[in-house]
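Take a look at the model below. The report starts with strand pairing and then turns to the metal sites.

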Amino acid sequence: MPDHDLDARYLLQTSSEINAEATRTLVVDRRKDEVIYRVKCPVCREAVAAVEYPGGTYRAIAVDDPLGDRDTMITVASEDEVPDRFKAVVPMACGCGSMHPKSPEGTTGCGATWLVPR
Ligand SMILES: [Zn+2]
Ligand SMILES: [Zn+2]
C-alpha cells in the first residue's frame, strides 16, 4: 500500500513536531560534490530529497527563525560565506511533486517545511 497521503490538505506549515519527525526519518548521503538529505515528508509521508552542493549556490534559513521568513533567507556563493547562525540546519520543503487538496494553482507538495541537522 502506498504511503503517500494524497488527501492531506495543502497547508504552509512547520512546527517543532514536523522538524522532529523529519529528523527521525533523515538519511544523509554524502558524496564527493554534493550532500543529499532524504526524509519522509512528516505530513504527506512521501519521500523527499534535498541536495546541497558544497561550494555551490544554495539557500539557508536562520536557525533562530525556523519559520524562515523571506528576510532571513540568504543565498551565498560558497559555504565559507554562510554566517555561523545559518550553518547548523538545512531547510527543506515538501517536494513530493503531487497536487494536494487546496493547493494554490500550479503548486505541488503539501506545503510542509522543516529543518534537518547538517
Ligand atoms: Zn508533503
Ligand atoms: Zn505529498
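Val-28 stands opposite Tyr-37 in E2. The model is a predicted one. E1 and E2 pair over 4 bridges, in the antiparallel sense. They belong to an open sheet of 3 strands, ordered E1-E2-E3, with antiparallel pairing. E1 and E3 are the edge strands, and each pairs on one side only. From one strand to the next, the twist averages 20°.

**The helix beside the strands**

H1 spans residues 16-25. Which residues of H1 are buried? They are Ile-18, Asn-19, Ala-22 and Thr-25. Seen down the axis of H1, these buried residues fall within an arc of 135°, so they line one face of the helix. Their packing partners are strand E1 (27-30), E2 and E7. The other side of H1 has exposed residues: Ser-16, Glu-17 and Arg-24.

**Two zinc sites**

The table sets out the protein donors, their distances and their angles.

| Site | Protein donors | Distance to zinc | Donor angles |
|---|---|---|---|
| Zinc ion (ligand 1) | Cys-41 (SG), Cys-44 (SG), Cys-94 (SG), Cys-110 (SG) | 2.2 to 2.4 Å | 99 to 120° |
| Zinc ion (ligand 2) | His-4 (NE2), Cys-44 (SG), Cys-96 (SG), His-100 (NE2) | 2.1 to 2.3 Å | 100 to 121° |

Why is the arrangement around the zinc ion (ligand 1) called tetrahedral? Its 4 donor atoms subtend angles of 99 to 120°. Four donors count as tetrahedral if all angles lie between 85 and 135 degrees. The site of the zinc ion (ligand 2) is also tetrahedral, with angles of 100 to 121° among its 4 donor atoms. For four tetrahedral donors, the ideal angle at a metal is 109.5 degrees.

Which residue coordinates both ions? Cys-44 does, and the zinc ion (ligand 1) and the zinc ion (ligand 2) are 3.8 Å apart.

**Zinc ion (ligand 1) along the chain**

The donors of the zinc ion (ligand 1) follow the spacing C-x2-C-x49-C-x15-C. Cys-94 and Cys-110 both lie in the loop between E6 and E7, 16 residues apart, and the pair links distant parts of the chain. Are Cys-94 and Cys-110 buried or exposed? Both are buried.

**Zinc ion (ligand 2) along the chain**

For the zinc ion (ligand 2), the donor residues are spaced H-x39-C-x51-C-x3-H. Cys-44 sits in the loop between strand E2 (35-40) and strand E3 (47-52), while Cys-96 sits in the loop between strand E6 (89-93) and strand E7 (113-117), so this pair ties together parts that are 52 residues apart in sequence. Cys-44 and Cys-96 are both buried.

His-4 comes from the segment before helix H1. Why does His-4 count as buried? Its relative accessible area is 17%, and buried means under 20%. What does His-4 touch, not counting residues up to four places away in sequence? Its contacts are Cys-44, Glu-46, Cys-96, Ser-98 and His-100. Among them, Cys-44, Cys-96 and His-100 are donors of the zinc ion (ligand 2), as is His-4.

**Back to the sheet**

Cys-44 joins these topics. Its loop lies between E2 and E3, two strands of the open sheet. This residue bridges the two zinc ions. E2 also packs against the buried residues of H1, as do E1 and E7.

Terms used:
Residues are numbered from 1 along each chain as its sequence is written. Chains are lettered from A and ligands numbered from 1 in the order in which they are written. This is a predicted model: local features need pLDDT of at least 70, side-chain atom pairs count only at pLDDT 80 or more; totals for chains, interfaces and linings use all residues. Side-chain values use heavy atoms; hydrogens and water are left out. Donors are N, O and S atoms within 2.8 Å of the metal (3.2 Å for Na, K and Ca); water is not among the atoms, so sites may look incomplete. Four donors count as tetrahedral if all angles lie between 85 and 135 degrees; four count as square planar and six as octahedral if opposite donors are over 155 degrees apart and all others between 65 and 115; anything else is irregular. Buried means under 20% relative accessible area, exposed over 50%, partly exposed in between (1.4 Å probe, protein chains only). Contact means heavy atoms within 4.5 Å. The arc is that of the directions from the helix axis to the C-beta atoms. Two strands pair if DSSP finds at least two bridges between them. Axes are lines fitted to C-alpha atoms, for helices over the stretch in contact, and angles run from 0 to 180 degrees between N-to-C directions.
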